[in-house]
Amino acid sequence: MFHRLVHNIGFGWTMRAISFMLLGLQTIALLSVRSYVNHVPKPIDAMDFLRPFKEMPYLFNAIGCFFTMWGILIPFNYIALSGESAGLSPDLALYLIPILNGASLFGRIFPPWIGDHFGRFNTAILSVTFGAILVLALWIPAPLSSSSAPTIVFAALYGLPLGCFAAILPALVGQITTDMRTIGVRLGSTFFVTSWAGLTGQPIAGALVQRGAGMGDMEFVYLKVFCGVTIFLGAGFLVASRVSSRGWGVLERA
């Protein structure tokens, strides 16, 4: 949308058009969402936000979400640039973002549904690990191929773990919460932690792209390694959270 409008109506009105579109969509969401909990106002205590970190499952989950968020959004922001650097036409490289975003729709719907039956942590761990493997085994060597197929396939497949993690993160916090009256505070603390990953991950990625400048087709290799490794670390801490709360039972729905 930005690419199509910015040359016709300028940057300012392009951003206004995107903002009005988001406002309309968010208005629908706000009007259609309701809570099943009777909310009772109570005094704000800063310790309520820190107390959950004393629980090992919660602490490991927060750290796992931080590392995952640190890397999992990088392809969304850099896949078009890396694709163009690898030889894709500017138009095709730009369409990698809608391909990834469209595939993430399936990741937001089906894996969380599977999580209700197979286990939310089990689903998240497998999905996040799959995303790390895609980055390290497919996205890194993609520029070395004479075809654009590996990059396109990566965009289509990576949308699944990206969408799954975005959708299932609140459910992970909910699963390790015994008193659902505190779910808001616990979610807020988790999102506060992951927000720092989202804030710092992209500048770090940009610095790593500069580090790889002049390496030709492998210009983005440092960025991709950082992305894959941090997602793998995130999966490892999610495993630690699952084990500390439910044990090592592989077949247990956790």
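Start with the whole protein chain in view: with 254 residues, a compact globule would have a radius of gyration near 18 Å, and the chain has 20 Å, which agrees. The radius is taken over C-alpha atoms, and the globule rule is 2.2 Å times the number of residues to the power 0.38. Along the principal axes, the C-alpha atoms fill a box of roughly 55 × 45 × 30 Å.

This is a predicted model, in which local features need pLDDT of at least 70, side-chain atom pairs count only at pLDDT 80 or more, and totals for chains, interfaces and linings use all residues. Residues are numbered from 1 along each chain as its sequence is written, and side-chain values use heavy atoms, with hydrogens and water left out.

Colour the chain by pLDDT (the predictor's confidence in each residue, from 0 to 100). The mean is 89, and 97% of the residues reach 70 or more. Among the elements, helix H3 (residues 56-72) has the highest mean pLDDT, 95, and helix H5 (residues 90-94) the lowest, 84.

Switch to a cartoon view. There are 10 helices and zero strands; helices (H or I, at least four residues) and strands (E, at least two) are DSSP runs, numbered from the N terminus.

Select residues 96-118, helix H6, and residues 120-139, helix H7. Their axes are 7 Å apart and the helices pack at an angle of about 135°. Axes are lines fitted to C-alpha atoms, for helices over the stretch in contact, and angles run from 0 to 180 degrees between N-to-C directions. H6 is therefore oblique to H7; angles under 35 degrees count as roughly parallel, over 145 as roughly antiparallel, 65 to 115 as roughly perpendicular and the rest as oblique. Show the side of H6 with Pro111, Ile114, Gly115, Asp116 and Phe118, which meet Arg120, Asn122, Thr123 and Leu126 of H7. Contact means heavy atoms within 4.5 Å. These residues divide into four nonpolar, three polar and two charged. Here Ala, Val, Leu, Ile, Met, Phe, Trp, Tyr, Cys and Pro count as nonpolar, Asp, Glu, Lys and Arg as charged, and the others, Gly among them, as polar.

Keep H7 and add helix H8 (residues 149-175). The two pack at about 155°, with axes 8 Å apart, and are therefore roughly antiparallel. Their contact has 20 nonpolar, four polar and one charged residue.

Last, select helix H4 (residues 74-85) and helix H9 (residues 183-211), whose axes come within 10 Å and cross at roughly 35°. Ile74, Asn77 and Tyr78 of H4 touch Gly201, Gln202, Ala205, Gly206 and Val209 of H9. This contact has four nonpolar, four polar and no charged residues.
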